[in-house]
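Colleague: I'm opening this one for the first time. Could you walk me through it?

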Number of protein chains: 2
Amino acid sequence: MTAVATAVPAERIAAAVQGERLWQRLMAMARYGETAGGGVNRQALSPEDIAARGQLIGWARARGFRVFGDAIGNLFVRREGTDPSLPPVVSGSHLDSQPAGGRFDGAFGVLAAFECLEAFDDLGLVHRHPIEMVAWTNEEGSRFAPGAMGSMVYSGALPLDRALDATDATGMSARDALAAVSAATVDIEPRKLGTPISAYLEAHIEQGPILEAAGLPIGVVTGIQGARWFEITVEGATAHAGTTPLASRRDAFQAAHRIIAALNEALADPAGPTGPTRLTIGRFELEPGSVNSVPALARFSIDLRHPDSGQLQALAVRVEEIAATLAAPCTAACKPLLTIPARRFPDRVVDLVAGASQSLRLASMRLPSGAFHDAQFIAELCPTGMIFIPSRDGLSHNEAEYSSPEEIFTGARVLAVALAELAASIESSWKA
Amino acid sequence: MTAVATAVPAERIAAAVQGERLWQRLMAMARYGETAGGGVNRQALSPEDIAARGQLIGWARARGFRVFGDAIGNLFVRREGTDPSLPPVVSGSHLDSQPAGGRFDGAFGVLAAFECLEAFDDLGLVHRHPIEMVAWTNEEGSRFAPGAMGSMVYSGALPLDRALDATDATGMSARDALAAVSAATVDIEPRKLGTPISAYLEAHIEQGPILEAAGLPIGVVTGIQGARWFEITVEGATAHAGTTPLASRRDAFQAAHRIIAALNEALADPAGPTGPTRLTIGRFELEPGSVNSVPALARFSIDLRHPDSGQLQALAVRVEEIAATLAAPCTAACKPLLTIPARRFPDRVVDLVAGASQSLRLASMRLPSGAFHDAQFIAELCPTGMIFIPSRDGLSHNEAEYSSPEEIFTGARVLAVALAELAASIESSWKA
């Protein structure tokens, strides 16, 4: 990819994006799996997901866009380029949601990409590369594990069969659920897994408080922070809370408490609590779990994140050291649950997004993504970047998740300018 | 009660106690509710409890002892004194167990008292006061709450109707369960609740590690430590573990961690970890409880014990202060769950037990009871004391609970000497 100046001015491309149309589509999509609390329950490969896919395909067909699907159910909508032999520039996200999710996580990125295809079509924009919208299958992972299943299988990070063998809480396999999706979505052209992509750009809500706090409409995402998850199990011995002096105890809770105190200190970010290091203890349980029994066992989770892979690894080593050395008189085992290396996006994509924002005279900031995204895996295949818009109160995975029509419109306009540049727009036949 | 010298030498009284007979009775009793793991599941007013009561009544009748029962199912076995109008000296404990309990907790105190009655009978001991063995109903409280139900109702600490209204996990009331007990145990003479007692002495396993560690056969119990139980609920806000900087969080786990760190410091015993202050965090839970969600809620229990009521109260005030002041930016509520004031036994009873031990040339130590006992409530009615024997590894409420035949024999001999003195033995017609 070389930096090719767009022939069509950014303002003209952005002006073709229709905020009202995009907002209406988002609201229409939110009806598939809508919850009483104003959120969305549209888990992967569910009837609600099938209906949402049907809606999207309907909109694509109404426009005359071609629709492709692959073996894991990823859905592609294509606007042709002047050189159909070139790999497409792809943009999108996912349509599935958490069980008590919101209307914007995933859907914004998919529908913003679709809006760009429509805007380019309205504008009669001519571009060398094909441009495609994608909806990756099962990003959330709440029904079938792991999440980012569609992008992982597409990029080769997860074997197809292993993904299809995943089962939900009722015992249904992803294979069977996907067969129902395929049966309901006919006349989709086949797309081979791993088909080359020239560049990938994903628009997403931030899912955090940083842009809102900074009062900025656009986040230029520099990469996706890495994560290490651990489960630490501390074993001691239960005893009677009344009769056992503290000196005679092997109290698993107190050993866990000491370990966590040391973790808080050792893993504190040098920049303080606004710094990038993030440590979360989200699960904590005791056995036997009665008021008057000294706990024999404490089990807790550690979610550790950092945008720099080297630093993340150094912090993870500290976790293992602290668990191993501070449990006495109990013992502790530290089991790794998840390792996701930090991912830096290429400077040229980051700069291109920043430039698109600047060309529309929008203030922006560069920040790493705190959440995981399909972009994490597609970045293995091609130059990749992301665009963030603010999330009210930093909320997501929550029915109250919200970004305003204006914020959504702004994000889609930046996406359109960036996509046009990536696909190298060369002319437009102005319709509006 | 005045200190009356026994007319019969301690050695002669102790020599009438038969260790083998007591051990065999304990093993026979352990068959009612025996578990595969070598323990006992004989919960209050269960079929196993009914069978155990039937066994005890059978042994009493075989000896010609009278058997009494009251409205809450407490069972008394009486050996008459020379002055039947005097209130009896009573000794015993309970026959019910925890669901995965041991063979000695409760049963030792009941059967040691029964052995004393038999030993006195074998010896032809004459005593002024009647001497009675008691088996209090439902000390453990694992099936019907609260525990110590029989002694609380007898002493007036709990209204009979409230006790009978208690229901178990299946919805059965203590009233109905007790009716089944009454139907199965016929020809019991009635005993009015609260009938005066001249003195109460309870033998029990220590349920802690102190005597074993000190290598001493007898614990002279100075009282029962008080307890304060609290439930602390910390409320924060959930957030995405990846996207939310620490500075933006209201992390309920971390607030709970700070509170507990402060409690550990403020409630540390001046004498160090061998001192009497006991703080236990036995339950701890987080919501929503997922690895990558900042906890919105943390809820944990505090079990705080001290043998001095004033000091216990001062420590409890600190708990409430710390919870109220250290939760920011979260909020915390501190809910009292249980208040049991510390109980000091009268010096004269403590000294009498120490003297009985010394008269048999047994080494002993004075210590408060860390566990609750029926003696806690009977102490409201009359001069009360307790005798402890060692518990292997400090274990109880555990199938592996164990005290050796020798330890049990020794405890019963001290109990016999002390009971004879309390009842003022005045002669014996030596049979052996």
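Modeller: Sure, and one term first: copies are superposed by least squares on the C-alpha atoms of residues with pLDDT (the predictor's confidence in each residue, from 0 to 100) of at least 70 in both. Residues are numbered from 1 along each chain as its sequence is written, with chains lettered from A and ligands numbered from 1 in the order written. This is a predicted model, where local features need pLDDT of at least 70, side-chain atom pairs count only at pLDDT 80 or more, and totals for chains, interfaces and linings use all residues, while side-chain values use heavy atoms and leave out hydrogens and water.

Colleague: Which residue of chain B comes closest to the rotation axis?
Modeller: Start with the overlay: a turn of 180° and a shift of 0.1 Å along the axis lay chain B on chain A with an RMSD of 0.1 Å. The two copies are thus related as by a two-fold rotation axis. At 2.9 Å, counted from its C-alpha, the residue of chain B that comes closest to this axis is Glu285(B).

Colleague: How many residues does the contact take from chain B?
Modeller: Of the interface residues of chain B, 100% are interface residues in chain A too, so the copies meet through the same surface. Contact here means heavy atoms within 4.5 Å. Chain A gives 50 residues, and the number from chain B is 50.

Colleague: And which three residues supply more than any other three of the area that chain B buries against chain A?
Modeller: Together the chains bury about 4100 Å², with 61% of it on carbon and sulfur atoms; buried area is the accessible area (1.4 Å probe) lost when two parts are put together, summed over both. Chain B's top trio supplies 15% of what that chain buries against chain A: Thr243(B), His257(B) and Val291(B).

Colleague: Over which residues of chain A is the pLDDT below 50?
Modeller: Chain A has a mean pLDDT of 95, and 97% of its residues reach 70 or more. The stretch below 50 has ten contacts in the model beyond near neighbours in sequence, and covers residues 1-6. Where pLDDT is low, the predicted coordinates shouldn't be read in detail. For the whole model, ipTM is 0.85 and pTM is 0.85, but the stretch you asked about is residues 1-6.

Colleague: What is the volume of the largest pocket?
Modeller: A pocket, on a 1 Å grid over the protein atoms alone, is an open set of points where a 1.4 Å probe fits, with protein on both sides within 12 Å along at least five of seven lines; lining residues have an atom within 4 Å of a point. Points join across faces, edges and corners, and volume is the space filled by probe spheres set on them. For the largest pocket, that gives about 1000 Å³.

Colleague: Which element gives the largest share of the lining of the largest pocket?
Modeller: The lining has 41 residues, and the closest to the centre are Glu140(A), Gly147(A), Trp229(A), Phe372(A) and Asn292(B). Elements giving two or more residues include helix H5 (149-155) of chain A and strand E10 (239-240) of chain B; helices (H or I, at least four residues) and strands (E, at least two) are DSSP runs, numbered from the N terminus. The largest share, four residues, comes from E15(A).

Colleague: Which element gives the most to the lining of the second largest pocket?
Modeller: Its lining counts 31 residues, with Gly147(B), Ala148(B), Leu338(B), Ile340(B) and Phe372(B) closest to the centre. Two elements of chain B, strand E15 (331-340) and helix H12 (375-378), give two or more residues. With three residues, the top contributor is E15(B).

Colleague: Which residue does a cis peptide bond join to Ala145(A)?
Modeller: Omega is about 0° at this bond. The partner sits in the loop between strand E5 (131-136) and H5 of chain A, and is Pro146(A).
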